[in-house]
Amino acid sequence: MTCKKLQLLVVLIIVAIGFNSCVSDDEFGLSNFKEIKAFQLPGQAGLTAISSEERTIIIPMSEEADLSNLVPSTIEISNLARITPAINEAQNFTEPVVYTVTAEDNSTAEWTVTAVAALPNPQLPNSNFDDWYPVSDYQQPGLDADNTVWGTANRALAIAGDANTNPEDLGNGDFAARLTSVEAPLLVRMAAATLFTGTFTEGFPNPTDPRSNINFGTPFSGRPSAFAVEYLYTPGPSYEDADGNPLPGGDQCDIYVLLEKREGDMVQRIGTGWFRSDATVSNFTDLEVDIKYGELTPSDPEFEYANIREGETWGDPQDTPTHITVVFSSSALGDFFTGAIGSELWVNNFELIY
């Protein structure tokens, strides 16, 4: 493909994505959309459950959360709509709170937001990866886009190629997630597959900086001692750097859990559980990894690659987390386009152990 053709393709993709992202809530004439798409509260302990049909929102809260005077941390509504009470207005969530969303055409919908106590020893929804929903010509893990804690980079890959995180039917209603490092369709050498708690960002993805495309983490307040998962892994045949130069050793998979305390822009790491391996595992194998609370030290085998990143600090290991980040990747260094095309990681039945 010539440089001019490549540039034209990128422009056409940007235009298409921009058009599609604008028209979903807009029509010719005045819009009648009045949805609440996202709603989160400080101290939230799990996934917000939004029912568009019943106009209800249920939010699990940690036991120590003071519900009497809370300003929502996130509210997202339909394009051109407005909401009352205002987004930045504190409410008493010890009782259900009614929000009214008014569409551009002045039609209204009342939404009832209820805060409930989270269950002890929480698990992540759909951590067995049995539920998947269709998006265009690929699938995403979860019941639907509004009711999932799991994200992938499929949207970026599907622009000019095929999704590389997919459901695999094991029979009797049991599904696993299959993650495959593939040849990248545009601009870079390879694209590692990643399944994570969080969301893929809106707008045109940046193929040269994969991490910038992802908002990692989901609200969570448990303190698990370990995590377990069933997995198998086959490294691809040729381990190479971003320029295609052969490297010693082989590709590695990454499976890890980070427990964090977030306040505004501050992210404090409280706990770390990390598994990285280049071993071929041909049959589903049970893996259990301890979560270490507190700062990692040079004596920890994962010290070099599992340390805090720029913008993070170490938090008090006795604190209660506000968020959990879970990541599965078919190529551990896929952020740097280092790995082997064809590396394949399968995961099933992820569980937090208390």
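In the predicted model, strand β2 (residues 49-51) is joined to strand β3 (residues 56-61) by 3 bridges, and the two strands run antiparallel. Two of the facing pairs can be named. Ala-49 of β2 has Ile-58 of β3 opposite to it, and Ser-51 stands opposite Thr-56 in β3. The two strands form a hairpin in which 4 residues lie between them. Within this turn, Arg-55 has a positive phi of about 60°. Most residues other than glycine have a negative phi.

On from this hairpin, β3 is also joined to strand β7 (residues 108-117), here by 6 bridges and in parallel. Met-61 and Ala-117 stand opposite each other in this pairing, Ala-117 being in β7. In general, the strands of a sheet pair through backbone hydrogen bonds, and the pairing may be parallel or antiparallel. Both β2-β3 and β3-β7 belong to an open sheet of 5 strands with the order β2-β3-β7-β6-β5 and mixed pairing. The edges of this sheet are formed by β2 and β5, each of which pairs on one side only. From one strand to the next, the twist averages 20°.

Two backbone features occur in loops that adjoin β5. The loop between β4 (74-77) and β5 contains Leu-80. Leu-80 is a residue other than glycine with a positive phi, near 70°. The loop between β5 (82-84) and β6 (97-102) contains Pro-85. The peptide bond that joins Thr-84 and Pro-85 is cis, with omega about -5°. As a general matter, most peptide bonds are trans.

A further hairpin is made by β8 and β9, with 2 residues between the strands. Strand β8 (residues 132-135) and strand β9 (residues 138-141) run antiparallel and are joined by 4 bridges. One of the bridge pairs links Trp-132 to Pro-141 in β9. In this hairpin, Ser-136 takes a positive phi near 55°.

A second open sheet also has 5 strands, in the order β11-β12-β25-β18-β21, and its pairing is antiparallel. Strands β11 (165-171) and β21 (281-290) stand at its edges with a single partner strand each, so one side of each is left without a neighbour in the sheet. The twist in this sheet averages 30° from one strand to the next. Within it, strand β12 (residues 174-180) and strand β25 (residues 344-353) are antiparallel and joined by 4 bridges. Leu-179 has Leu-345 of β25 as its bridge partner. In a regular strand, the side chains alternate between the two faces of the sheet.

Open space in the model was also examined. Empty space is revealed when a probe the size of a water molecule is rolled over the atoms. The second largest pocket has a volume of about 780 Å³. Its lining consists of 42 residues, and those nearest the centre of the pocket are Pro-210, Arg-211, Gly-334, Asp-335 and Phe-337. Several elements give two or more residues to this lining, including α2 (154-158), β14 (190-191), β15 (194-200) and β16 (214-216). Strands β19 (253-263), β20 (266-277) and β24 (323-329) are also among them. By class, the lining of the second largest pocket comprises 29 nonpolar, 7 polar and 6 charged residues.

Phe-337, which is one of the residues nearest the centre of that pocket, is also one of the residues touched by Asp-241. Asp-241 is located in the loop between β18 (226-234) and β19. Leaving aside residues up to four places away in sequence, Asp-241 touches Arg-189, Leu-247, Phe-337 and Thr-338. Asp-241 and Trp-111 are 130 residues apart in sequence, and their C-alpha atoms are 51 Å apart in space.

For the protein as a whole, the secondary structure comes to 3 helices and 25 strands. The radius of gyration is 21 Å, close to the 20 Å that the globule rule gives for 354 residues, so the protein is as compact as a globular protein of that length. Taken along the principal axes, the box filled by the C-alpha atoms is roughly 60 × 55 × 45 Å.

Notes
Residues numbered from 1 in each chain as written. Predicted model: local features only at pLDDT ≥ 70, side-chain atom pairs only at ≥ 80, totals over all residues. Heavy atoms only, no water. Pairing = 2+ DSSP bridges. Axes fitted to C-alpha atoms, helices over the stretch in contact; angles between N-to-C directions. 1 Å grid on protein atoms, 1.4 Å probe; cavity = no way out; pocket = protein on both sides within 12 Å on 5 of 7 lines; lining within 4 Å. Points joined across faces, edges and corners; volume = space filled by probe spheres on them. Nonpolar A, V, L, I, M, F, W, Y, C, P; charged D, E, K, R; others polar. Contact = heavy atoms within 4.5 Å. Rg over C-alpha atoms; globule rule 2.2 N^0.38 Å.
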